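Student: I would like to take a close look at one part of this structure. Could you please guide me through a single helix and then through the places that surround or contrast with it?

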Amino acid sequence: MDTEAGKPVPEAEPGLVERWRSGGGELVALLTQVREQLGGVAAFRLGPAPTVLVTDPTAVQHVLARRPERYVKRSHRARLLIGDGLLAATGTAWKRQRRLLQSQFTGTGMRRYEQRITAAARTTADRWDAYARTGQTFDVGQEMRRFALDTIWRSLTGHPLDDETGRELAAVEAVAAALPTLPADAVEARDAVAADLARIDAVARHAIEAARGGAAGPEGPGLLHVLTDAATERPEYTDQLIRDEFVTLLVAGHETTATTLTWLHLLIDRHPEAREQALAAGPDGSAERRQALQALVHETLRFYPSAWILPRHAAEDDTLAGHTIEAGTDILVCPYLTHRDPELWPDPDRFDPRRFTTPDGRPTHPGAYYPFGIGPRACLGLQFALRESTVLLEHLLPAHTPAFRSTPTRTVHGITVRPDGPTPATLEPSLG
């Protein structure tokens, strides 16, 4: 029985936490030390009550997939930005919202967006061709954000992203980057980013009005039309909820993908053999090359998972991996650390996409690799993100190799795991 009595969770000594506090380090540094000292289910105290860190694969699966009703998501760090959208919703509201959008990201639904993904990739490839001809310096991270935003905008509205809308939606990135440092008071936090939120709301309002007017974009109706159509039959889909879902899809549909693709280019710069191996796997358009490109994405996500930490709250008493968990305990599930566990991933600091193409190259336990989460609250857009990343690499990787002028030296663990700094580069024509 999962609820039978267990032993206490091993807890980090106060001195470890105090040393971390005095050093002014990031949370990931503390979590790394706790995991190294105490293992895959361990506790530490930042306040009067312990927080339990979970990185062991079996415990991860228990929390996220086997017993999600006991380990609940109470809120989302980005609620200020996304409101009551799917990522922040809980309970019955979450189930209704998830059910509406589920079909859009599987099977037939995904095929509906295939041409839009390809069109955004071609637009990016054309821009990179121009950079190569002129020798212009550009920022790879900004390019990846521009591509991912164009892709989700086409999928939401049926229109390619225009420059003015792109400039206004830079406010999404600004708010997301500011979230970890905003005041704890909700009113003060909102006031601090009020101008950017107003810009986002104006774009959302205009797009919703256009979709409600019935005119589909040149690429057909999009996800936004699914939301406005739902409002005609479901009273819970108010203008505010449609706005919140729209912004949620914008944030989830571009920020994590853009960050992953930026890391991928930085990793290939350090490990050029990985690019060569992917292109050598098969001819352009072949299943073998596509599999190899997907492996590049997966290994990048192993290093830098889209959701590096997944907070949960124990709604009732439980026994987790033989340890007693009391109701009210805060849980931190950490893909970032699970993916770097040497007992699961031999030589974990080595970038090697062949882990995902070689038989027995990766652990088979579902709780060992979960960059998008697992269980009922796993990221809805998993297949969408993998597809758009692979399609972009199919267009860019054979033709161009970015030559970075400088690369970031630090990693920031905020809402996502991102490089701390610009990524200026020029393009060298590739020989592949």
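**A close look at helix 8**

Tutor: Helix 8 covers residues 140–157, and at 1.5 Å a residue its 18 residues should span 26 Å; the C-alpha atoms at its two ends are 26 Å apart, so the expected span and the model agree. Please keep in mind that this is a predicted model.

Let us start with the surroundings of the helix. Helix 8 is mostly covered, since 16 of its 18 residues are buried. At its start, a side-chain oxygen of D139 comes to within 3.0 Å of the backbone nitrogen of G141. Just after the helix, G158 adopts a positive phi of about 85 degrees.

We may now ask what helix 8 packs against. Two packed helices are described by the angle between their axes and the distance between the axes. For helix 8 and helix 13 (residues 223–231), the angle is about 35 degrees and the axes are 4 Å apart. From helix 8, the residues that make this contact are S155, L156 and T157, and from helix 13 they are L223, L224 and H225. By type, the residues of this contact divide into 3 nonpolar, 3 polar and no charged.

L223 also leads us to another place. Leaving aside neighbours within four places in sequence, Q104 is in contact with G109, M110, R112, Y113, L223 and V226. Q104 is found in the loop between helix 5 (91–102) and helix 6 (108–112). Although Q104 is in a loop, its relative accessible area is 9%, and because this is under 20% the residue counts as buried. Its side chain makes a polar contact with the side chain of R112, at 2.8 Å.

A further residue brings us to helix 7 (residues 114–134), where I117 lies. I117 has a relative accessible area of 0%, so it is buried. Neighbours within four places in sequence aside, I117 is in contact with F147, T151, F384, R387, E388 and V391. Of these contacts of I117, F147 and T151 have numbers that fall within residues 140–157, the range of helix 8. I117 can also be compared with A186: the two are 69 residues apart in sequence, and their C-alpha atoms are 37 Å apart in space.

For contrast, consider two residues in the loop between helix 17 (335–338) and helix 18 (382–396), namely D347 and D360. D347 has a positive phi of about 50 degrees although it is not a glycine. Phi of D360 is near 65 degrees, again a positive value in a residue other than glycine. In their exposure, D347 counts as partly exposed at 44% relative accessibility, whereas D360 is exposed, with a relative accessible area of 78%.

Finally, we turn to the cysteines. A search of the whole structure finds 0 disulfides. C334 is in no disulfide, and the nearest cysteine sulfur to its own, that of C379, is 17 Å away. A disulfide requires two cysteine sulfur atoms within 2.5 Å, so this pair does not qualify. C334 is buried, with a relative accessible area of 0%. C379 is likewise in no disulfide, and at 33% relative accessibility it counts as partly exposed.

Notes: Residues are numbered from 1 along each chain as its sequence is written. This is a predicted model: local features need pLDDT of at least 70, side-chain atom pairs count only at pLDDT 80 or more; totals for chains, interfaces and linings use all residues. Side-chain values use heavy atoms; hydrogens and water are left out. Buried means under 20% relative accessible area, exposed over 50%, partly exposed in between (1.4 Å probe, protein chains only). A polar contact is a pair of N or O atoms within 3.5 Å; within protein, one must be able to donate a hydrogen and the other to accept it, and residues adjacent in sequence count only if both atoms are side-chain atoms. Contact means heavy atoms within 4.5 Å. The expected span of a helix is 1.5 Å times one less than its number of residues. Axes are lines fitted to C-alpha atoms, for helices over the stretch in contact, and angles run from 0 to 180 degrees between N-to-C directions. Ala, Val, Leu, Ile, Met, Phe, Trp, Tyr, Cys and Pro count as nonpolar, Asp, Glu, Lys and Arg as charged, and the others, Gly among them, as polar.
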